[in-house]
Amino acid sequence: MDLRSYIRDVPDFPRKGILFKDITPLIGDPAAFAESVRQLAARVGKPDAVVAIESRGFIFGAPLAQLWNVPFVPARKFGKLPGKTVRQVYSLEYGEDTLELHADALKRGWEVVVVDDLLATGGTAAATIGLVEQLGARVSAALFPVELVGLGGRAKLAPARVEALMAFEVRE
Ligand code: AMP
């Protein structure tokens with residue numbers, strides 16, 4: 001199955017000059033969605049937990065956590081989690097944003113995988129790795145269905161292991 005054919009290019013979204021990689025055709029096809037989750041799961045061993053990034057990371061992180069039978073831990077935008085949290089501020093193209101994890105969500109020494117839908121510059125996933133490390137856990141791998149190559153995402157996440165199912169050149 002050619003999973004790449006289920007990723008739709010949307011030019012100039014959400015702003016002029018951005019080529020948006022839309023995953024809705026992929027998750028809208030049950031066989032393609034299931035295959036993408038199977039392939040992601042096959043890239044790494046069973047972790048102690050899945051840490052998924054709001055919001056499209058939840059789409060892939062939840063079935064992975066169920067498949068492995070391990071806790072699903074949401075990394076959420078500032079102010080959404082009701083309990084005590086740890087925070088990580090990260091830079092966006094314009095300004096900054098904050099991600100949080102519940103402070104009791106991971107145990108020290110756990111090996112977790114971080115999941116998002118797409119790796120671009122790596123800022124979002126790097127902040128999530130920082131949150132995991134604040135709680136004394138370790139990231140065994142960061143998993144993405146889609147990687148945009150040429151934006152330095154992999155380098156930004158080093159030395160964390162990065163696994164992506166589909167790589168696209170930014171200019172593609
Ligand atoms: P980054 O922090 O630069 O790696 O950006 C990753 C986050 O932004 C992910 O949560 C993606 O969903 C989103 N994102 C960034 N660039 C794109 C793009 N070209 N198409 C779709 N989503 C994107």
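**Exercise 1. Work out what kinds of residues line the largest pocket, and where they come from.**

Let's start with the mix: the lining of the largest pocket divides into 19 nonpolar, seven polar and ten charged residues. Keep in mind that we're working with a predicted model. In total, 36 residues line this pocket, and its volume comes to about 1,300 Å³.

Next, look at the elements. S2, strand S5 (85–91), strand S8 (118–119), H4 and strand S9 (138–149) each hand over at least two lining residues. The largest share, five residues, is from H4. Finally, find the middle: Arg56, Leu92, Leu118, Ala120 and Thr124 lie nearest the pocket's centre.

**Exercise 2. Find the ligand and describe the shell around it.**

First, the place: the ligand sits in the largest pocket. Two elements give two or more residues to its shell, strand S2 (19–22) and helix H4 (123–134). S2 gives the most, with three residues.

Now the shell itself. There are 13 residues around the ligand, and Arg56, Asp117, Thr121, Gly122 and Thr124 are the closest. Sorted by type, the shell has five nonpolar, four polar and four charged residues.

**Exercise 3. Which of the distances 2.6 Å and 2.8 Å belongs to arginine 56, and which to aspartate 117?**

Step one: a polar side-chain atom of arginine 56 is 2.6 Å from a ligand oxygen. Step two: for aspartate 117, a polar side-chain atom lies 2.8 Å from an oxygen atom of the ligand. Both pairs count as polar contacts, because the cut-off is 3.5 Å between N or O atoms.

To round this off, check the cover: alone, the ligand exposes 490 Å², and the protein buries 79% of that.

Methods:
Residues are numbered from 1 along each chain as its sequence is written. This is a predicted model: local features need pLDDT of at least 70, side-chain atom pairs count only at pLDDT 80 or more; totals for chains, interfaces and linings use all residues. Side-chain values use heavy atoms; hydrogens and water are left out. A residue is near a molecule or strand if one of its heavy atoms lies within 4 Å of it. A polar contact is a pair of N or O atoms within 3.5 Å; within protein, one must be able to donate a hydrogen and the other to accept it, and residues adjacent in sequence count only if both atoms are side-chain atoms. Accessible areas come from the Shrake-Rupley method with a 1.4 Å probe; for residues, only the protein chains shown count as cover. On a 1 Å grid over the protein atoms alone, a cavity is a set of points where a 1.4 Å probe fits but cannot get out, and a pocket is an open set with protein on both sides within 12 Å along at least five of seven lines; lining residues have an atom within 4 Å of a point. A molecule sits in a cavity or pocket if more than half of its atoms lie within 2 Å of its grid points. Helices (H or I, at least four residues) and strands (E, at least two) are DSSP runs, numbered from the N terminus. Ala, Val, Leu, Ile, Met, Phe, Trp, Tyr, Cys and Pro count as nonpolar, Asp, Glu, Lys and Arg as charged, and the others, Gly among them, as polar. Grid points are joined across faces, edges and corners, and a volume is the space filled by probe spheres set on the points.
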